[in-house]
Amino acid sequence: RQLEAMPDGGVVVISAPRDPFRCPPGPYERASLIAHYLKQAKPRSKILLYDAKETFSKQGLFQQGWQALYPGMIEWIPESQGGAIEGVDVAGLTVHPTFGEPQKADVINLIPPQQAGAIALATGLANDGGWCPVNQRSFESLQHAGIHVIGDAAIANPMPKSGFAASSQGKVCAMALVAALSGQEMPEPSYVNTCYSLVGPDYGISIAAVYRVGESGIMAVEGAGGVSPTEVPESFRRDEARYAVGWYQSITADIWG
């Protein structure tokens with residue numbers, strides 16, 4: 001409703017937090033789809049994407065898509081150029097970066113720094129950094145034995161905090177529980193993550209990775225997975241947008257039936 005109410009030529013500000021946070025490509029996919037709406041309805045408008053980081057997930061692919069679909073509409077501002085936000089004037093619709101001039105906007109989408117949920121903090125499952133350390137073979141808490149933590153709340157670097165990663169972790173955790181209850185040896189775990197993003201309704205990009213557990217914890221398998229290629233015909237992006245729908249249907253059916 002705020003986007004619908006803003007004038008043509010208005011400014012949308014999105015702020016992305018430092019790592020780690022849930023769904024690493026999320027702020028950039030959001031900027032893309034807001035740009036798709038603005039291109040149709042308010043083409044003189046602009047999106048300023050303030051970022052408390054120097055890089056972001058699928059950066060090259062997103063920026064290539066922005067140039068192809070929304071040239072000049074999305075401006076990404078990294079931390080080194082004043083991308084970290086330290087304050088917001090809600091009534092005045094103004095964001096204040098750590099350095100540089102305040103920026104007034106018509107719509108502000110502030111994505112704050114993140115941590116595990118309140119229940120994890122209240123029960124002592126989280127460490128001082130706000131996330132839950134776990135055994136990366138079984139996802140049993142390192143703070144409280146007998147409790148397992150998967151998904152966004154768990155520290156499972158380099159796996160991202162994504163729904164697909166959480167689903168993969170849930171399967172391994174279930175195998176670990178079955179093995180422990182039946183007195184069997186825990187199977188050697190393997191994890192996977194696949195993530196599709198839409199830069200536009202007919203423009204998809206993706207990233208995939210396979211992970212195993214080594215001596216130092218979870219590690220990406222070299223040569224497995226990767227990101228969408230950059231030099232492809234438009235039909236490739238359309239296919240990936242179509243695959244994104246099938247990917248979503250598959251994972252939701254897998255989780256909820």
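This is a dialogue between a trainee and a mentor about how terms apply to one predicted model.

Trainee: What should I know before reading the values?

Mentor: The model is predicted, so local features need pLDDT of at least 70, side-chain atom pairs count only at pLDDT 80 or more, and totals for chains, interfaces and linings use all residues. Residues are numbered from 1 along each chain as its sequence is written, and side-chain values use heavy atoms, with hydrogens and water left out.

Trainee: How many helices and strands does the protein have, and what makes a run count as one?

Mentor: There are 6 helices and 13 strands. Both are DSSP runs numbered from the N terminus: H or I over at least four residues for a helix, E over at least two for a strand. Helix 2, residues 26–41, has 16 residues, so it passes the helix cut-off of at least four.

Trainee: How do you know what span to expect for helix 2?

Mentor: The expected span is 1.5 Å times one less than the number of residues. For helix 2 that gives 22 Å, and the first and last C-alpha atoms lie 23 Å apart, which is close.

Trainee: Why is Glu4 called exposed?

Mentor: Exposed means over 50% relative accessible area, buried means under 20%, and partly exposed lies in between (1.4 Å probe, protein chains only). Glu4 has 56%, so the exposed label applies. Glu4 is found in helix 1.

Trainee: What does Glu4 touch, leaving aside its neighbours within four places in sequence?

Mentor: Glu4 is in contact with Tyr37 and Lys42. Contact means heavy atoms within 4.5 Å. Glu79 is 75 residues from Glu4 along the chain, and their C-alpha atoms are separated by 29 Å.

Trainee: Which residues of helix 2 are buried, and what covers them?

Mentor: The buried ones are Pro27, Tyr28, Ala31, Ser32, Ile34, Ala35 and Leu38. Their cover includes helix 1 (2–5), helix 3 (59–69), and strands 1 (11–16), 2 (46–51), 3 (74–77) and 10 (190–200). An α-helix has 3.6 residues a turn, so residues three or four places apart point the same way.

Trainee: What makes strand 10 mostly covered?

Mentor: In strand 10, 8 of its 11 residues are buried. Over the whole protein, buried residues make up 42% of the 257 residues.

Trainee: How do you know that strands 10 and 11 pair?

Mentor: Two strands pair if DSSP finds at least two bridges between them. Here 10 bridges join strand 10 to strand 11 (residues 203–214), so the pair qualifies. The two run antiparallel, and a hairpin joins them through 2 residues. Cys195 stands opposite Ile207 in strand 11.

Trainee: Which strands pair in parallel?

Mentor: One such pair is strand 1 with strand 7, joined by 4 bridges. Val12 has Val107 as its bridge partner in strand 7. Strand 7, residues 107–110, has Val107 and Asn109 on a covered face, with Ile108 and Leu110 on an uncovered one.

Trainee: Why do strands 4 and 6 stand at the edges of their sheet?

Mentor: The sheet is open, with 3 strands in the order 4-5-6 and antiparallel pairing. Strand 4 (85–89) and strand 6 (103–104) each have a single partner strand, so one side of each is left without a neighbour in the sheet. Strand 4 is joined by 4 bridges to strand 5, residues 94–97. Asp89 has Thr94 as its bridge partner in strand 5.
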